[in-house]
Amino acid sequence: MIAAMASTAPTTLVHLSAVDLGIIAFYFALVLGIGFYLKRFAKTGEDFFLAGREMTAWVAGLAFVSANLGSLELLGWAGSAYQYGILAAHWYWIGAIPAMVFLGIVMMPFYYISKTHSVPGYLQLRYGSATSALSAVTFAIMTILMSGVNMYAMAVVMKVVLGWNINFSIWVSSLTVGIYVAAGGLFSAIFNEVLQFFLIWFGALLIPILGLIETGGWKGMVARIQQNFPGQDYTHAWSTLGRFQDNPMGMHWTGIVFGLGAVQAMGYWTTDFLVVQRVLSAKDIRSAKMAPIIGSFFKMAVPLIVILPGLLGLAVLPMHLAPASNLQPGQYSYNEVLPLMLARYCGPGLLGLGITALVAGFMAGMAGNVSAFATVWTYDIYRPFLRKTAPDQHYVSMGRWCTLIGLFVSIGTAYLAMGFASIMDYVQALFGFFIAPLFGTVLLGMLWKRVSRAAGFFGLLAGTLSSVTMFTLMKLDHRWVGVFALSPHAQGLAQDMYQALWSCVTCVVVTVLVTLVTKPRPDEELKGLVYALTEVAHEEHTSFLHRPLFWGIVALAALVVLQVIFW
Amino acid sequence: MSEKHHIIPVWFFVGVLLLVYGFLIFVSGLAEWSHPSNTVLAELHAPVWWGGLLFVLGLVYCIKFAPARKS
């Protein structure tokens, strides 16, 4: 394996030494060892799919934030920071923190008290089979497609950065993930996500430290950026958002606040089962509420190791990077800014640590996808529609097989993506179609007991269809961009934000209208599922330092301070 | 971390990882002292102090969360 890794092409970005390869090999050995060790504990369905519901708030919180901190996320957002400047940090701040606090304080009690295994499981209890099936099937298909597309994208990165063979990267990493998740289920996935969290921080934190030493601090970095890119503002987060044409992202503040903060982030962080599953593994309701809030503090700090290296790249790299679609021979793309910075500051040993962090992030992301897929397939598709009554052991066995089958389907998707590169954009867009309307459906279901089964289903369907329609129209004819995204200057990310906003609004409007003309469910059927009919444990007798609400407010206050500092 | 199961805490595995990586990076940093790498700011000997930090943190985690102890 190591020999194959070492066979790097002469044009690679970095070259690994023996100690670097030793560091990577140790990581593979450790995760496989942990997987085999945990196999003995994953005996029941609750063990395999929800890690026995016995994780502490810290473990669940780190896994929650780590499941989202994949390698493509790191490379992509560092590249976006090089391209758009500190505007990219909005996806870590207003595009994450309010949603995480909202999940912890408002939504988690319903997920937890209803004892559901998944988000489609909650929809089954609240709205019935049709809505749950729509959500489960779309989630299962999209999760596994996304896993494959990410697998291919990461293999390409490994080829460019290290010269590793694409087939080698896909198969070795996939089989390792398959073995440890099939063995230990969510236990394994969570353990490795916590390891990955430490690896990513210790692997990437040296870049901003050494970068700021080289530039003479923040002010020195800003001065160098202005010298390298005169007339462009890369270091203010809000002051350039007054008009679409004033910033390179083609973004307006309404898109960031309403599209990203109020809809897309809320949809992702509160209804995407990939991340919510980590919180459902918490040992009690207070831990389940605290986990996303603990995660929010770390999420808020991630720009230090992702956005800051991108900005430092603008200041110190001797060459100008370009979009991947428009590269000249010998030129590097935006997405390669993080490996370039790694190679700039890190010699043998540290380079191995940085590359292992990327590999670990990739594998943890894949593990998250396949473990969420196995749970949704087994509990929300197989059990309700194919085999309603079977011993618990049968479902655990199904989950193990699903993990492996899901992995092989992902590998197939990776090869499909290899043949049709544009499929990657569409699969990622497809995933976005369901998240924003799903947030409207889940939130209305939790807060308004009057919402009927039919309203939930038709609201979700209408929101999803409206999202697909807007996406198609904007791709076919640019004039629609001016209609849906409010300006013809709106770029891709801005279009996504407004598409999310309008699809959620459509979902809510249709849900409300259908509710008004259909019969509500009896109150006794909704106990523990909606706000007005759920007894949530009060915290008057708990010291305020142990209250999730207190820490949620602290997180939001810290977010406001950051916005003022980088206004 | 575990009430129903007696699982070795994940923090112990974190400790092992940091301990081994800290040692390897520290030693490679010492080896670089006489033959500095061609990276920027190599004169700061980052692998030595960063590897040392990882090693110490790993040691603390390994001792505090060792399987024989109650976490």
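**Loops, kinks and contacts in a two-chain model**

B:Leu41 is partly exposed, since 15 other C-beta atoms fall within 10 Å of its own. The structure it belongs to is a predicted model, and this residue is a handy way into chain B. B:Leu41 sits in the loop that links helix H1 (10-34) to helix H2 (46-64) of chain B. Its phi is positive, at about 65°, although it is not a glycine. Most residues other than glycine have a negative phi.

The rest of chain B is quickly described. Its secondary structure amounts to 2 helices and 0 strands, and 38% of its 71 residues count as buried. Of the contacts in chain B with a separation of 6 or more, 70% involve residues 24 or more positions apart. B:Ala31, a residue of H1 in chain B, is partly exposed, with 13 other C-beta atoms within 10 Å. Between B:Ala31 and B:Leu44, 13 residues along the chain, the C-alpha separation is 14 Å.

Chain B also touches chain A, and the contact draws on 28 residues from chain B and 30 residues from chain A. On the side of chain B that touches chain A, H1 and H2 of chain B each supply at least two residues. H1(B) gives the most to that side, with 12 residues. By class, the residues on this side of chain B comprise 18 nonpolar, 7 polar and 3 charged.

Turning to chain A, another leucine shows up with an unusual sign of phi for its residue type. A:Leu486, a residue other than glycine, has a positive phi near 70°. The loop holding A:Leu486 runs between helix H21 (479-484) and helix H22 (492-516) of chain A. A:Leu486 is partly exposed, with 15 other C-beta atoms within 10 Å.

Helix H6 of chain A deserves a closer look. H6 covers residues 97-113, and at 1.5 Å a residue its 17 residues should span 24 Å; the C-alpha atoms at its ends are 23 Å apart, which agrees. Even so, H6(A) carries a kink of about 60° at A:Met107, shortly before the proline A:Pro109. Because 13 of its 17 residues are buried, H6(A) is largely enclosed by the rest of the structure. After H6(A) comes A:Lys115, with a positive phi near 55°.

On the other side of H6, A:Gly85 lies in the loop between helix H5 (71-84) and H6 of chain A. A:Gly85 has 25 C-beta neighbours inside 10 Å and so counts as buried. Beyond its neighbours within four places in sequence, A:Gly85 is in contact with A:Asp233, A:Tyr234, A:Thr235 and A:Leu311. A:Pro248, 163 residues from A:Gly85 in sequence, has its C-alpha atom 8.7 Å from that of the glycine.

A second kinked helix is H12 of chain A. H12 spans residues 253-271 and has a kink of about 40° centred on A:Leu260. With 14 of its 19 residues buried, H12(A) is largely enclosed by the rest of the structure.

Helix packing in chain A can be illustrated with one pair. Helix H4 (residues 57-66) and helix H9 (residues 166-204) of chain A pack at an angle of about 75°, and their axes are 8 Å apart. An angle between 65 and 115 degrees counts as roughly perpendicular, so H4(A) is roughly perpendicular to H9(A). H4(A) contributes A:Val59, A:Leu62, A:Ala63 and A:Ser66, while H9(A) contributes A:Ile190, A:Glu193, A:Val194, A:Gln196 and A:Phe197. Sorted by class, this contact of H4(A) with H9(A) has 6 nonpolar, 2 polar and 1 charged residues. In general, residues three or four places apart in an α-helix point the same way, because there are 3.6 residues a turn.

The last site is in H20 of chain A (residues 453-476), the helix that holds A:Ala455. A:Ala455 counts as buried, as 26 C-beta neighbours lie inside 10 Å. Setting aside its neighbours within four places in sequence, A:Ala455 is in contact with A:Thr511, A:Val514, A:Thr515 and A:Thr518. For one of these partners, A:Thr511, the C-alpha atom is 4.6 Å from that of A:Ala455, although the two residues are 56 residues apart along the chain.

Methods
Residues numbered from 1 in each chain as written. Chains lettered and ligands numbered in written order. Predicted model: local features only at pLDDT ≥ 70, side-chain atom pairs only at ≥ 80, totals over all residues. Helix = DSSP H or I, 4+ residues; strand = E, 2+ residues; numbered from the N terminus. Expected span 1.5 Å × (residues − 1). Bend = angle between axes of the 7 residues up to and from the residue. Buried ≥ 20, exposed ≤ 12 C-beta atoms within 10 Å, placed from the backbone. Contact = placed C-beta atoms within 7 Å. Nonpolar A, V, L, I, M, F, W, Y, C, P; charged D, E, K, R; others polar. Axes fitted to C-alpha atoms, helices over the stretch in contact; angles between N-to-C directions. Parallel < 35°, antiparallel > 145°, perpendicular 65-115°, else oblique.
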